[in-house]
Amino acid sequence: MQKLFLINIILITGFLFVSCDSSLKPARGLEDEIYVVADSLEYEDLRMALESTYEKLIYTPQPEKLFTLKRISVDQLERFKNRKNIIIAAPMNSNSLTSQFIDAVVDSALKEKLKAENDFTVFKSDLWARKQLVTVLTAPSMQELEFKILKNSDNLLYAYQKVSDQRLYESLYSSRYEQKDIQGKLLRDYGWMIYVQADFRLALNKPEDQFVWLRRSPGTDMERWIFVHWIEGASPEFLNADSIRAARNRLTEKYYRTTDDQSYVLIAEDYFTTSEVNFKGRYAILTQGLWELNIKGMGGPFINYTFYDESSNRIYMIDGSIYAPKYYKRNLIQQVDVTLQSFMTENELSESRKDQLLRAVKD
């Protein structure tokens, strides 16, 4: 099972310019940009390791990068230090400007720790701006630094994905724009809720199939679909790729159909992946890939979490899809992913929150 929060986070107490106070302005820039502070020659040596770590491709169906790296030099840092995602990378004692910079800002105790142990990463949140993540990557030699980046690539990528999700969570979730009446209805009738933004509508509510479909901007060229399906009295043995694929295809064949009822959505064969993850403390199967019509011609990315909830003895499948043929979809699928992570059962909600939602129900 994928272990979450595996990264050994070290507070940079030795930074000369630590100023994590409440007066910091919010970090700026695009979510999918990471600025890499490195000397040009050293960056070329590290380029393959860094790009394979952070510029992983997803297919939507066109290939898109999870993050895009932008190299800057140390003397440019002042202009870019308010950006959301920053990496400072150089070997120790290489005498490059970046190496000298790291030597100046990391204290001696931490330097010895970095030399003597497997740690080669220093993380700092909110260093020059709020909701910012700055990472220092260093090792005694270029070869060792490159090796450690590749060896720890999953954890390094996860750190930036996690902070990006947290920023997006704060920008998406607003009590002013949530549809408490729909959330309260789902909680009252089914014992769970998911955040429903103002521009989503309840497209289908099928209690006989334990299926709820939330839809945004139907009939446009930028649709977002979310469904929740649950299985009563289920067994954790359901949690395997074949069962999940079959169940999703059965549901979308029945409910994700064209207006003439002649075609329906299925999982495409290409780029289908599954992995084991932690979904709010539960073992879950994360499924990602592409959906397509059975007659081809349309398609897009989807993301799916399926897990067993012991308190209710249910299997839950929560799923998000994008249809936006004219647009890049990396950020759209991240928004859907963050919305899926708002899912909560009634046992996870406070009494005051439950009361608030139930009082908002209109029928």
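Q: Helices (H or I, at least four residues) and strands (E, at least two) are DSSP runs, numbered from the N terminus. With that in hand for this predicted model, which loop holds Lys131?
A: Lys131 catches the eye with a positive phi of about 60°, although it is not a glycine. Its relative accessible area is 37%, so Lys131 is partly exposed. As for its place, Lys131 is found in the loop between β6 and β7.

Q: What radius of gyration does the chain have, set against the globule rule?
A: The chain has ten helices and 17 strands. For 363 residues the globule rule gives 21 Å, and the chain comes close to that, so it is as compact as a globular protein of that length. Its C-alpha trace spans about 70 × 45 × 40 Å along the principal axes. The radius of gyration asked for is 23 Å.

Q: What share of the contacts with a separation of 6 or more joins residues 24 or more positions apart?
A: Let's take burial as a starting point: 51% of the 363 residues are buried. Turning to contacts with a separation of 6 or more, the part from residues 24 or more positions apart is 65%.

Q: How far apart are the mean positions of the positive and negative charges?
A: The chain exposes about 17,300 Å², and carbon and sulfur atoms supply 49% of that area. Its charges number 47 positive and 51 negative. The distance between their mean positions is 5 Å.

Q: Is strand β7 mostly covered or mostly open?
A: Leu133, Thr135 and Leu137 point one way from β7, while Val134 and Val136 point the other way. Residues on both sides are buried. With five of its five residues buried, strand β7 (residues 133-137) is mostly covered.

Q: Which residue of β7 is the bridge partner of Ile88?
A: Strand β5 (residues 85-89) pairs with β7 in the parallel sense over five bridges. Strand β6 (residues 121-125) also pairs with β7 over five bridges, but in the antiparallel sense. There, Ser125 stands opposite Leu133. For Ile88, the partner in β7 is Val136.

Q: Why does Phe279 count as buried?
A: Phe279 lies in strand β13 (residues 273-279). Beyond four places away in sequence, Phe279 touches Ala284, Tyr305, Phe307, Ile318, Leu340, Gln341 and Phe343. Buried means under 20% relative accessible area. Phe279 counts as buried because its relative accessibility is 3%.

Q: What separates the C-alpha atoms of Phe279 and Gln341 in space?
A: Along the chain these two are 62 residues apart. Phe279 nevertheless touches Gln341. Their C-alpha atoms are separated by 7.8 Å.

Q: How many residues of helix α9 are buried?
A: Helix α9 covers residues 330-340 and is mostly covered. Among its buried residues are Arg330, Gln334, Asp337 and Leu340, and Leu340 is also touched by Phe279. Of the eleven residues in α9, the buried ones number nine.

Q: Which residue follows Thr60 across a cis peptide bond?
A: The loop in question lies between β2 (57-59) and β3 (63-65). The peptide bond that starts from Thr60 is cis, with omega near 10°. The residue it leads to is Pro61.

Q: Is Asp261 buried or partly exposed?
A: Asp261 sits in the loop between α8 (241-255) and β12 (265-267). Its phi is near 65°, a positive value in a residue other than glycine. The relative accessible area of 46% makes Asp261 partly exposed.

Definitions and conventions
Residues are numbered from 1 along each chain as its sequence is written. This is a predicted model: local features need pLDDT of at least 70, side-chain atom pairs count only at pLDDT 80 or more; totals for chains, interfaces and linings use all residues. Side-chain values use heavy atoms; hydrogens and water are left out. The radius of gyration is taken over C-alpha atoms; the globule rule is 2.2 Å times the number of residues to the power 0.38. Buried means under 20% relative accessible area, exposed over 50%, partly exposed in between (1.4 Å probe, protein chains only). Contact means heavy atoms within 4.5 Å. Accessible areas come from the Shrake-Rupley method with a 1.4 Å probe; for residues, only the protein chains shown count as cover. Lys and Arg count as positive and Asp and Glu as negative; His and the chain ends are not counted. The place of a charge is taken as NZ of Lys, CZ of Arg, CG of Asp or CD of Glu. Two strands pair if DSSP finds at least two bridges between them.
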